[in-house]
Amino acid sequence: MGTADVVANALIAVVSRAVDLPIDPSTTGIVDVLVFGAGTNYALLLIARYREELRRRPDRRDALRHALTSAGPAVAASATTVVLSLLTLTAAVLRNDRAIGVAGAVGIGTAALYGLVVLPCALAVCGRGLFWPFVPRPRQPEPTRSGGWAKVGAMVARRPRAVLAGALVLLVVLTTGLSGARLGLSKTEQFRVQAESIDGLRTLSRHFPAGTADPTIVVGRAGAEEALLAAITGTPGVASARPTGRTTDLVGVNVVLTAEPDSSASYDTVRELRERVHSVPAADARVGGTVATNLDTRDAAVRDLKVVVPLILAVVLLVLLLLLRSLVAPLVLVTTVVATFFASLGASTFLFTHLLGYAALDTSVPLLSFLFLVALGVDYNIFLTTRAREESATEGTRQGILTSLAVTGGVITSAGVLLAAVFAVLGVLPLVLLTEIGVIVGLGVLLDTLLVRTLLVPAIVLLLGRRFWWPSVLARQADPAPDGLAQPAPVPGGAVTRG
């Protein structure tokens, strides 16, 4: 994945120049995390299936071919889901979000290409000794089918309703951490570590109006200067106002606010100021400056959240519909991932505000966290359900999901823990924005890996049975016979269909 990351960064540089979309260091940092995290997931899934096939087949190249045929579509579908989800950010207003979308799509595409092309070539060159000291041999029993995850599946199968209820209660409790959440950080709240510029701003605020260091600018027609100044000075929250420059037609006014820059109070003052200066006849006034710009940025972030989130859900749902050829299964999987997002956001918000002392969530955090969690979280459900679909064709839905949980549990859990650890690296950076994204996504991935994919989804599948695959052929497949083997649904001509 190191080589994939280098190639991805080179491609991103070329693409950014081609589309005139500057990429800043925070964007490249996020992309590095995506490439290493998602790329490693793809590699782990393929290698685990390859090892499984090596226990079935004497020819290692034949084993690799079957592993790639079986796991490749799941990897391709997962990567496609993430890439398309990232590209929905091109519909965002904020330029930084669009940059993350384009750069992230290039990075994930590169990681998938290395996972599906470069890695298989490397595995083909290496022999079975690649797995030393636990070298898989033909006709060896598959340990995953009777291991720890098989026992977890048996536990879920015994009491699926209790497992479902317990998982839902936990997710709801975690979601309650969102009560009282605030969006938007002031300048003094954006750093986790001590910064000299922030210390200077706080010192200035103790002796002068808090907005002195970052005045708001009002520009209007010179002929309406007196009326404009009267409207400005009469606005609650304005400490002082003075003209700073004139042209033949325009006058500029520096406005010092009493509230700290980028605080809720400063935003309220800017909104009120805009209403008052816009009502001055013939002034044609505009309110600008850093605080006004950041207010517009926050409003744009809320707008992007309302526009991009439905696009992400539509993309994920469409890919799952095509992959699973079912309507019920995609709806269930998307719902569980969204529930995971809200639970993770709630738990993380409680952690930020009550334990770490952060004042609020940064404006970009909800959208980016939702994107990463939904797109990457669906990966694990894709890995689980595609294998369940494969097994259900011969074993029935009940045994198919239990077998899938048993054989994919170890690799998916390893991938999830690794991805969470990679995102947690963002937590050591000085910006609160990156820390919040890292914690929310990391916690969400752990919830998805250890709770949702392990307990919640299998419990739902066990309760729904064949209806989980509706309206595909698997939904009409007969229940397993008493000996535990599924009885495939008959089709014209006596053939057996796999859905």
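User: In this predicted model, which residues make the nonpolar surface patch of about 240 Å²?
Analyst: Start with the middle of the sequence. Val117 lies in helix α4 (residues 95-125). The patch, with an area of about 240 Å², is made by Leu113, Val117 and Val118.

User: Is Val117 buried, partly exposed or exposed?
Analyst: Buried means under 20% relative accessible area, and exposed means over 50%. The value for Val117 is 42%. Val117 is therefore partly exposed.

User: Which strands pair with strand β3, and in what sense?
Analyst: Take the two partners in turn. Strand β1 (residues 216-221) pairs with β3 over six bridges. Strand β2 (residues 238-246) pairs with β3 over seven bridges. The strands are β1 and β2, and the sense is antiparallel.

User: What stands opposite Gly220 in β3, and what is the bridge partner of Gly245 there?
Analyst: Gly245 has its bridge partner in β3, namely Gly252. For Gly220, the residue opposite is Val251. So the answers, in the order asked, are Val251 and Gly252.

User: Through how many residues does the hairpin join β2 to β3?
Analyst: The two strands pair in the antiparallel sense. A hairpin joins them. The number of residues it runs through is three.

User: How many of the eight residues of strand β3 are buried?
Analyst: Strand β3 covers residues 250-257. The rest of the structure largely encloses this strand, because so many of its residues are buried. The count is seven of the eight.

User: Which elements does the salt bridge between Arg246 and Glu225 tie together?
Analyst: The side chains meet at 2.6 Å, N to O. Arg246 lies in strand β2, and Glu225 lies in helix α8 (residues 225-233). The parts are 21 residues apart in sequence. So the elements tied together are strand β2 and helix α8.

User: Which residue of this pair is buried and which is exposed?
Analyst: Arg246 has a relative accessible area of 57%, over the 50% cut-off for exposed. Glu225 has 15%, under the 20% cut-off for buried. So the buried residue is Glu225, and the exposed one is Arg246.

User: About how many helical turns separate Asp62 and Arg65?
Analyst: These two form a salt bridge, with the closest N and O atoms 3.2 Å apart. They are three residues apart in helix α3 (residues 60-87). That spacing is about one helical turn.

User: Which residues are joined into one network with Arg387 and Glu391?
Analyst: Arg387 and Glu391 form a salt bridge, with the closest N and O atoms 2.9 Å apart. Both lie in helix α12 (residues 365-395), and both are buried. Salt bridges that share partners join them with Arg49, Glu52, Glu53, Arg56, Arg57, Asp62, Arg65 and Glu390.

User: How many aromatic pairs does the structure hold, and what kind is the pair of Phe341 and Phe342?
Analyst: The structure holds six aromatic pairs. Phe341 and Phe342 lie 5.2 Å apart, centre to centre, with 65 degrees between the planes. Planes over 60 degrees apart count as edge-to-face. So the answers are six and edge-to-face.

User: Which helices hold Phe372 and Phe423?
Analyst: The two form a tilted aromatic pair, 5.9 Å centre to centre. They are 51 residues apart, so the pair links distant parts of the chain. Phe372 counts as buried at 2% relative accessibility, and Phe423 does at 0%. Phe372 is in helix α12, and Phe423 is in helix α13 (residues 397-424).

Terms used
Residues numbered from 1 in each chain as written. Predicted model: local features only at pLDDT ≥ 70, side-chain atom pairs only at ≥ 80, totals over all residues. Heavy atoms only, no water. Buried < 20%, exposed > 50% of the residue type's maximum accessible area, 1.4 Å probe, protein only. Helix = DSSP H or I, 4+ residues; strand = E, 2+ residues; numbered from the N terminus. Pairing = 2+ DSSP bridges. Salt bridge = Lys/Arg side-chain N within 4 Å of Asp/Glu carboxyl O. Patch = residues over 30% accessible without salt bridge, like charges linked within 9 Å, V, L, I, M, F, W, Y side chains within 5 Å. Areas by Shrake-Rupley, 256 points an atom, 1.4 Å probe, with all protein chains shown as cover. Phe/Tyr/Trp six-rings, centres within 6.5 Å; stacked < 30°, edge-to-face > 60°.
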